[in-house]
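Dear colleague,

Please find the structure below, handed over for your use. A summary of what was found in it follows.

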Amino acid sequence: MHNSATLIKITTLKQQKTPNNLMNRIYLALLIILTPFNSFSQAVRKNSEFEIEAGAGIFSTDYLFDGYSPGVYGSRKQNYINHQYSGTYCLSVKWFWTKNISVNFSFAYESESGDWQANYYAGQSGYQNMIIGTFTRKAYTISPGLNIYYIVKKRYRLYGSFALGITYRNEYGYYNQYVLTSGLPGYAGASGDHSQGYNGKIQGNGYLSPLGISSGSKLSWFAELGIGYKGVVNTGLSLKL
């Protein structure tokens, strides 16, 4: 009787311990699997930081190349004169995934205006080079991007940048009063929708800079050489959060 009771007790203990052993093995397996990911996550958090960056550039791709494509009427480089160009202004937010890699999201804006001349009517005597109105052009770009830091020191960093995004561009040409009331062929007495021309489109855009430098600690100055929506030369300030 005593032996039977002991056997029942041992069997009961084994049944109780088996689930616990199984759970311990599961916990151990998960610990082994997740340890490398946890170490990597801690390294990322250790190097993780944010920056806000504001800059200005000149000679963006939209300014350099889009001017040779058809605008409101003909090419901007052919028909538009007396340009006033704002340059490109860019605001970016950067997240440093590691000390050598940052992911950023940027918004850029630029504008241009000037006079619109009547080379469109070349061949019609008396209308060549006549200023028939004004034009305005604005471009808005949004783009995610990536920075790779070649050299990281306490007071400066050397890096390269790459980004791909989209640009919305709109361009208006406004006829002056003479065009609206005179006998200019095809536009005599133009009014309403005919008082202006419009060309708007959405297009792909990007930015590539093989060389950038950032100098400073909390507040830094930066400069980049590249090609794309930020311009050939882009410079400004960044603030580490």
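**Pocket, salt bridges and surface patch**

By class, the residues lining the largest pocket are 3 nonpolar, 6 polar and 7 charged. Please note that this is a predicted model. The pocket has a volume of about 230 Å³. Of its 16 lining residues, Glu49, Val152, Lys153, Arg157 and Lys240 are the closest to the centre. Strands β5 (156-175) and β6 (196-216) each give two or more residues to the lining, and the largest share, 3 residues, comes from β6.

Two of the central residues are also paired: Lys240 and Glu49 form a salt bridge, with their closest N and O atoms 3.7 Å apart. This pair joins strand β8 to the loop between α1 (2-47) and β1, across 191 residues. Lys240 counts as partly exposed because its relative accessibility is 24%; for Glu49 the value is 22%, so Glu49 is partly exposed as well.

The whole structure holds 7 salt bridges. Another of them links Glu110 and Arg137 at 3.3 Å between the closest N and O atoms. Since Glu110 lies in strand β3 and Arg137 in strand β4, the pair ties together parts 27 residues apart in sequence. Through shared partners, Asp62, Glu110, Glu112 and Arg137 form one network. Glu110 is buried at 4% relative accessible area, and Arg137 is buried at 0%.

On the surface, a nonpolar patch of about 920 Å² includes Phe50, Leu91 and Trp221. Strands β1, β2, β7 and β8 each give two or more residues to the patch. Leu91, in strand β2, is partly exposed at 48% relative accessibility.

With kind regards

Methods
Residues numbered from 1 in each chain as written. Predicted model: local features only at pLDDT ≥ 70, side-chain atom pairs only at ≥ 80, totals over all residues. Heavy atoms only, no water. Patch = residues over 30% accessible without salt bridge, like charges linked within 9 Å, V, L, I, M, F, W, Y side chains within 5 Å. Areas by Shrake-Rupley, 256 points an atom, 1.4 Å probe, with all protein chains shown as cover. Salt bridge = Lys/Arg side-chain N within 4 Å of Asp/Glu carboxyl O. Helix = DSSP H or I, 4+ residues; strand = E, 2+ residues; numbered from the N terminus. Buried < 20%, exposed > 50% of the residue type's maximum accessible area, 1.4 Å probe, protein only. 1 Å grid on protein atoms, 1.4 Å probe; cavity = no way out; pocket = protein on both sides within 12 Å on 5 of 7 lines; lining within 4 Å. Points joined across faces, edges and corners; volume = space filled by probe spheres on them. Nonpolar A, V, L, I, M, F, W, Y, C, P; charged D, E, K, R; others polar.
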